[in-house]
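This briefing introduces one structure to a reader who has not met it before. Begin with the sequence and the structure, then go through the points by topic.

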Amino acid sequence: MQKDIASFRVKYVQILDEKGNVDKKLEPELSDQELRDLYRWMVIERVFDNTALALQREGRIGTYAQSLGEEAVHVGSVFAASDDDWIFPDYREHVAFLMRKVPVKNLLLHWGGSEEGMDLPERSNIFPVCIPVGTQTLHGAGTAIAFKLKKKKFCSLTFVGDASTSTGDFNEGLNFAGTFMAPAVFIIRNNQWAISVPRVCDKPDWGGCQSRAQTLAQKAIAFGFDGVQVDGNDVLAVYSVVKEALEKARKGKGPTLVECFSYRLPPHTTADDPTRYRDPEIVKAWLKKEPLARFKLYLQKKKLWDEKFESAVQAEAKRMVDQGVKEAEDFKPKPTDMFDFVYEKLTPNLSEQRKEWLS
Ligand SMILES: Cc1ncc(C[n+]2csc(CCOP(=O)(O)OP(=O)(O)O)c2C)c(N)n1
Ligand SMILES: [Mg+2]
């Protein structure tokens, strides 16, 4: 006897197309102020990103990972969360920190190599930048399980890249979240690259790619919960899907995996040269789909955007970022910190180096 015993479908959601046309049936109920705020945060991230890139080029911070083109994923998701929900970022969601009232100074200290930057303000409810790929999934899943055990109505919101979905930690985290029906939402920033490794396998019989799975959203099915793919360059779609996932989680209906389909426009980091492994024509085509331009067209059609608004938002972003640059550069870390906060007890050679430094 033979029969099908399981089948599944994966939904794709887009609300705003590339020309800024909206699908009226799916348009979220957001006030004019909230819509303008979504745009404002995306501009702030872009201004921060351009400034951080310039600082890196001038040797004023270290290696930096740009967020250009992924703003809708970051802003749409965090905007959908309540302030009590905890955020578990990886390393590209700069604006998530700013939306949680972490000063620009902190981010620049972190990217400048001073861990004081990740000493985050009370009540920001966001974990520090996570460089080890995928490990934050465990923190997000564990925290959601803790919220459930403590009968709190809070959720966790975890960001991972497409590469994270191949790690053991990601799969273990999702499995635990599923078994405990944890109030957890996992956001995959599928920017289609993991440094030089493409997301999709285009060779019939050999690796060199992230996963042969048709979508990354479908990975949720294996753990017994929903996976949705969203146009990651459409801030309204990201917001709506994440909002619904958080409401579902808060009602005790378990986790959701949201795959945001976007594209990494810049190099992986300032230490990467993508011209060695990808076609610049494809990058150009994706640049036309970037999230700010599309959302601006939508706001224009709703008469919520004009030059005056743009200038005010740009000026606010510049003020905020410039102040952060000044504060970060005024901060003078103690060089001895590199000895004092790595090991509990200094090894003999480090002890010697510390003495040498001080002499
Ligand atoms: C556990 C672990 N293995 C390897 C690395 C090296 N590494 C840094 S970023 C990266 C690729 C990440 O790609 P993705 O998750 O798609 O995020 P993206 O950089 O594209 O935003 C790798 C392999 C790491 N940081 N952590
Ligand atoms: Mg990636």
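Helices here are DSSP runs of H or I with at least four residues, strands are DSSP runs of E with at least two, and both are numbered from the N terminus. On that basis Ile126 falls in the loop that links helix 4 (104–111) to helix 5 (136–149). The model is predicted. The points below cover the whole chain, the ligand shell, strand 3, helix 2 and two single residues.

**The chain as a whole**

- The protein chain contains 13 helices and 8 strands.
- Its radius of gyration is 21 Å, close to the 21 Å that the globule rule gives for 359 residues, so the chain is as compact as a globular protein of that length.
- Along the principal axes, the C-alpha atoms occupy a box of roughly 80 × 60 × 50 Å.
- Buried residues make up 41% of the 359 in the protein chain.
- Among contacts in the protein chain with a separation of 6 or more, 76% join residues 24 or more positions apart.

**Around ligand 1**

- Ligand 1 is surrounded by 15 residues, of which the closest are Val133, Gly161, Asp162, Ala163 and Ala194.
- By type, this shell has 7 nonpolar, 4 polar and 4 charged residues.

**Strand 3 and its partners**

- Strand 3 covers residues 156–161, and 6 of its 6 residues are buried, so the strand is largely enclosed by the rest of the structure.
- Both of its faces are covered, with Ser156, Thr158 and Val160 buried on one side and Leu157, Phe159 and Gly161 buried on the other.
- Gly161, a residue of this strand, is also one of the closest residues to ligand 1.
- Strand 3 pairs with strand 2 (residues 86–88) in the parallel sense, over 3 bridges.
- In that pairing, Ile87 has Leu157 of strand 3 as its bridge partner.
- Strand 3 also pairs with strand 4 (residues 184–190), again in the parallel sense, over 6 bridges.
- The bridge partner of Gly161 in strand 4 is Arg189.
- Together with helix 6 (residues 168–179), strands 3 and 4 form a right-handed β-α-β unit.

**Helix 2**

- Helix 2 spans residues 71–80, and 9 of its 10 residues are buried, so this helix is largely enclosed by the rest of the structure.
- The buried residues of helix 2 include Glu71, His74 and Ser77, as well as Ala72, Val73, Val75, Gly76, Val78 and Ala80.

**Leu35**

- Leu35 belongs to helix 1 (residues 32–57).
- It is buried because 20 other C-beta atoms lie within 10 Å, and the cut-off for burial is 20 or more.
- Leaving aside residues up to four places away in sequence, Leu35 touches Leu30, Leu299 and Leu304.
- Thr137 is 102 residues from Leu35 along the chain, and the C-alpha atoms of the two are separated by 30 Å.

**Ile126**

- Ile126, in the loop between helix 4 and helix 5, counts as buried because it has 23 C-beta neighbours inside 10 Å.
- Leaving aside residues up to four places away in sequence, Ile126 touches Ile87, Pro89, Ala96, Phe97, Arg100, Val102 and Leu120.
- Ile87, which Ile126 touches, is the bridge partner of Leu157 in strand 3.
- Ile126 and Glu316 are 190 residues apart in sequence, and their C-alpha atoms are 23 Å apart in space.

Note on methods. Residues are numbered from 1 along each chain as its sequence is written. Chains are lettered from A and ligands numbered from 1 in the order in which they are written. This is a predicted model: local features need pLDDT of at least 70, side-chain atom pairs count only at pLDDT 80 or more; totals for chains, interfaces and linings use all residues. A residue is near a molecule or strand if its C-beta atom, placed from the backbone, lies within 6 Å of it. Ala, Val, Leu, Ile, Met, Phe, Trp, Tyr, Cys and Pro count as nonpolar, Asp, Glu, Lys and Arg as charged, and the others, Gly among them, as polar. The radius of gyration is taken over C-alpha atoms; the globule rule is 2.2 Å times the number of residues to the power 0.38. A residue is buried if 20 or more other C-beta atoms lie within 10 Å of its own, exposed if 12 or fewer, and partly exposed in between; C-beta atoms are placed from the backbone. Two residues are in contact if their C-beta atoms, placed from the backbone, lie within 7 Å. Two strands pair if DSSP finds at least two bridges between them. A crossover is right-handed if, with the strands pointing away from the viewer, the path from the first strand over the helix to the second runs clockwise.
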